[in-house]
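Colleague: I'd like to go through this one with you and keep asking how each label was earned. Could you put it up first?

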Amino acid sequence: MQVVLFGLILIPLLGAILNGLVLRSKHTRVAGGIATACSAACFLLALSLSLNYFETGTPLSAALPWMSAGPFVLNWGLRFDALTLVMTLVITGIGTLIHLFSIGYMDEEKSPYRYFAYLNLFLSAMLLLVLGDSLPVLFVGWEGVGLCSYLLIGYWYEDIDKANAGMKAFVMNRIGDAAFLLGVFICYQQFKSVTFTEMAHLTATSNSLSVWWLEMAALCLFVGATGKSAQIPLFTWLPDAMAGPTPVSALIHAATMVTAGIYLVARTAFLFQVSPDVSQWMAYTGAFTALFAATIALVQKDIKKILAYSTVSQLGLMFVALGVGAYSAALFHVMTHAFFKALLFLAAGAIIHGLHGEQDIFKMGGLRKHFPLTFLFSSIAVAAICGLPPFSGFFSKDAILFAALASPTGDVLLWGVASLASLLTAFYMTRFYLLIFFGDYRGEAHPHEGSALLWIPLAVLAVGSAFAGLVGMPHGLHMLPDYFGQLLSPVLPAWQETHAFLGEIGAMSVAVAVAALGIGTAFVIYRKGTGTGEKLARAFSPLYKLLLGKWYIDELYELTIVLPFKALCRFSSRIIDRAIDVTVLFPARLARVGGTALSLVQVGAVQVHLWIMVLGGLVLLWWALRGLVV
Amino acid sequence: MIPIPSTLAQWSHYIAACLFALGLFGFLIRKNGIVVLMCIELMLNALNLFLVEVSMRSSHPEGIIFVIFIITVAAAEAAVGLGIILNLYRLKGSVHVDLFKSLKG
């Protein structure tokens, strides 16, 4: 049974090898069929493992030897517990739907095998990430998903902007990865072990550990998580990552890979439990990222950019939950967000596909007539992300907001910022929804609904977006038990509710009111097309430009980091490299000059050599006999 | 041991020196490859003569044993040297030593 765990990683890996190296089929249906079959097989395997877990309640683990050096032994250890179960089901389930969607979406590609091979490779790496039972194994998956992200963002590499976007994502992730590695080193230095179970055990029992070092480890891992999960200050790569194909944005840059940071923090929760300062930082970073990204999303025009900033914002909310110790609430939002954000991205993909590549929502409008099914499913997703009951987003967002308010480490400021972010989210998602589906059509392309391959995955995701929240009902409602929290309780620490000025029901009512306010405001402004919005933009022109320019963070980084770095590189290549070259080449030049000079002795004429030999012999003779003759 | 005439015994090292000088002189200034080789043989045999004389005088047989060895090596050397000369002749149609300068550095 244990060996099956390796199957989860090997099946998609085989699919990637088959597609990318062996068959290299130019037919989207062949390449996509293989990839989807592998993904679906993985999902079924994950499902059976999950059922087994539900029956027995004991985590599975398996290991193969990797390396050993003296006292340090490292295995390819996999572990399937409740946390992994949730992540694995989300990854393989949504992954399969997105593979299916991709067959319809990538129908006019020249090299679909490349796309599907990367997609399967991503699944394999992501599953390794969530199955790994130690930090190094997790890190292998972590780097693997980063690589696949880079490859898929730059999938259309002939376009230099897209290739550069891939590069940007890779380089920004490197910054976080460096911190991650430092965190791993600190963990090994402290625990003399890198497996999660041993580290958690030692944190709980050993009293020889230095709390300061554990906080540093937590901080380093958190910085690693900000890179992968696009938090301030390392978030600018995610909006640019939208250069990749839309299904990739749905799978990697919304539903799964970007939640790896959340997973990492949840997995190392034992470290964050003993690092209240780092947790506090994490909560505030998340809250301000949520607000900050939401303000940018208010004015964006690109359909995918809006969703990208929305993803950054939602990830920020998840970090708020992690920061206040509500780990299972964060994971709950990971799951519901995966459903509704994947659905939104795929709906956007279906629309972009139907409009032949148009991405500007100001050139859409009235599309509910042309895309009836997409419209229906998008409505559910928008309701879910705005936080309307009883859709999934409501329950998970409410769990986070309530924890931000009522957790011992939460406070009113956190709750207020997170609620404001939710208000803005409701506003910009309604704007998104109204501008795309209502009013008059403002574009030129001829819109048409896609094939069944495009809308079947949407339908499944819509069901998930609508009902996934029911598994994590809050206690305050007294309707259904919190299955999700119960499932995760053996793995994740729980938080103790303290008395806040609002109870759970009160916080919930405020959240609904906030969502309604956001939706209502957007409805008033965008009910009749773009007119009122444009008037507002003119009235608040400086603010509008600031938001449209994304607070000019990219420009700030360009000015403060990229340009000085380039100057440093130029200095290094022109001055330092020159100095090194001269130093290194001096002996080489000396040898060459010496060789040339000495080769003059080799005149080639036999008798000159003979003369030299005889004279040399005479000199030697004189030298040997000089004492005797005098 | 047969006693050798005293005059010869007294003078043979001068003869050997003269032969060696002749060989060396020819070795350095003659341009015909075969003659250069012959000069080498001359020097070797001058040395042989000297060794024999010293061996006779001191009643030690090692010098004569050395001579046998030198004759053997000289025979081999002559065979190799003549082989080289023959090939050089095939190459250029002459054995003039100044013609062969391709090893110039």
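Modeller: Start with a helix pair: in chain A, Ser419(A), Ser422(A), Leu423(A), Leu424(A), Thr425(A), Ala426(A), Phe427(A), Thr430(A), Arg431(A), Leu434(A) and Leu435(A) of helix 18 meet Val510(A), Ala511(A), Val514(A), Ala515(A), Leu517(A), Gly518(A), Ile519(A), Thr521(A), Ala522(A), Phe523(A) and Tyr526(A) of helix 21. These count as meeting because two residues are in contact if their C-beta atoms, placed from the backbone, lie within 7 Å. Bear in mind that this is a predicted model: local features need pLDDT of at least 70 and side-chain atom pairs pLDDT 80 or more, while totals for chains, interfaces and linings use all residues. Residues are numbered from 1 along each chain as its sequence is written, and chains are lettered from A and ligands numbered from 1 in the order in which they are written.

Colleague: At what angle do helix 18 and helix 21 of chain A pack, and what is the handedness of the crossing?

Modeller: About 35 degrees, with the axes 8 Å apart; the axes are lines fitted to C-alpha atoms over the stretch in contact, and angles run from 0 to 180 degrees between N-to-C directions. Helix 18 of chain A passes helix 21 of chain A in a right-handed crossing, so the near helix is turned clockwise from the far one by less than a right angle (anticlockwise would be left-handed).

Colleague: How do the residues of that contact divide into nonpolar, polar and charged?

Modeller: There are 15 nonpolar, 6 polar and 1 charged. Ala, Val, Leu, Ile, Met, Phe, Trp, Tyr, Cys and Pro count as nonpolar, Asp, Glu, Lys and Arg as charged, and the others, Gly among them, as polar.

Colleague: What makes helix 21 of chain A agree with its expected span?

Modeller: The expected span is 1.5 Å times one less than the number of residues. For the 23 residues 504-526 of chain A that gives 33 Å, and the end C-alpha atoms are 33 Å apart, so the two agree. Helix 3 of chain A (residues 82-105) passes too: 34 Å expected for 24 residues, 34 Å found.

Colleague: How much of helix 3 of chain A is buried?

Modeller: 23 of its 24 residues. Buried means 20 or more other C-beta atoms within 10 Å of a residue's own, exposed means 12 or fewer, and partly exposed is in between, with C-beta atoms placed from the backbone. Over chain A, 50% of the 630 residues count as buried.

Colleague: Why is Ala321(A) called buried?

Modeller: Ala321(A) has 35 other C-beta atoms within 10 Å, and the cut-off is 20 or more, so Ala321(A) is buried. This residue sits in helix 14 (residues 303-323) of chain A. Beyond its neighbours within four places in sequence, its contacts include Ala326(A), His333(A) and Ile400(A).

Colleague: How many helices and strands does chain A have?

Modeller: 25 helices and 2 strands. They are DSSP runs numbered from the N terminus: helices are H or I of at least four residues, strands E of at least two.

Colleague: Which residues touch the most other members of the largest nonpolar core?

Modeller: Val320(A), Ala342(A), Leu343(A) and Ala418(A), out of 214 residues. Such a core is a set of buried Ala, Val, Leu, Ile, Met, Phe, Trp, Tyr and Cys residues joined through C-beta atoms within 7 Å. Helix 15 of chain A gives the most, 19 residues.

Colleague: And how many residues of each chain make the contact between A and B?

Modeller: Chain A gives 12 and chain B gives 11. On the chain A side, helix 25 (residues 606-629) has the largest share, 5 residues.
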